[in-house]
Amino acid sequence: TYACELDFDKLPYSLKTANKTSKYQASYRDLSLVMPKEMSYEKVKEVINESLVKELVRFYPVDKYSDEELGKNMSLSIRFILQSFDKTLEEEDITKSMDSILNALNTKLGITIR
């Protein structure tokens with residue numbers, strides 16, 4: 001026998017919204033970027049979001065690395081998750097999306113690939 005007590009006043013009554021999900025598999029790509037140590041991740045995040053890559057579902061930093069060889073720069077590795085609602089992404093679709101992101105980072109912030 002189990003007993004349970006619920007406080008219905010503490011349960012949220014907000015409207016739940018459903019998110020559309022894709023039936024196609026996601027692809028993961030990591031990029032190691034060379035950027036100034038004093039540059040914040042927020043600037044990088046903003047430029048990536050502004051690049052408006054349709055297949056980009058999510059991205060997040062994975063690793064931060066610096067040594068004497070990089071000087072005043074550091075290497076930031078970012079993982080990108082790409083997925084389409086229309087089809088399984090092919091390598092050329094993924095490459096086009098990643099090139100678009102790299103181009104935006106290079107022109108707006110001067111960030112290059114390691």
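User: How many bridges join S2 to S3, and which way do the two strands run?

Analyst: This is a predicted model. In it, eight bridges join S2 to S3. The two strands run antiparallel. One facing pair is Phe59, which stands opposite Phe80 in S3.

User: In what order do the strands form the sheet?

Analyst: Read the sheet from one edge to the other. Four strands form an open sheet, ordered S2-S3-S1-S4. The pairing is antiparallel.

User: Which strands stand at the edges?

Analyst: Look for a strand with a single partner. S2 and S4 (112–113) each have a single partner strand, so one side of each is left without a neighbour in the sheet.

User: What does H1 touch when it packs on the sheet?

Analyst: H1 touches S1, S2 and S3. The direction of H1 makes about 155° with that of S2.

User: Where does H2 lie, and at what angle to S1?

Analyst: H2 lies across S1, S2, S3 and S4. It runs at about 20° to S1.

User: Which residues have the most contacts inside the largest nonpolar core?

Analyst: First, the general idea. In soluble globular proteins, nonpolar side chains tend to be buried together. Here the largest nonpolar core has 23 residues. Those with the most contacts inside it include Val44, Ile48, Phe80 and Leu105. The elements giving two or more residues to this core are S1 (27–36), H1 (41–50), S2 (56–65), S3 (73–82) and H2 (91–109). H2 gives the most, with six residues.

User: What is Val44 in contact with, leaving aside its neighbours within four places in sequence?

Analyst: Take one residue and list its partners. With those neighbours left aside, Val44 is in contact with Met35, Met39, Ile78, Leu105, Leu109 and Ile111.

Conventions
Residues numbered from 1 in each chain as written. Predicted model: local features only at pLDDT ≥ 70, side-chain atom pairs only at ≥ 80, totals over all residues. Heavy atoms only, no water. Core = buried A, V, L, I, M, F, W, Y, C linked by side-chain atoms within 4.5 Å. Buried < 20%, exposed > 50% of the residue type's maximum accessible area, 1.4 Å probe, protein only. Contact = heavy atoms within 4.5 Å. Pairing = 2+ DSSP bridges. Axes fitted to C-alpha atoms, helices over the stretch in contact; angles between N-to-C directions.
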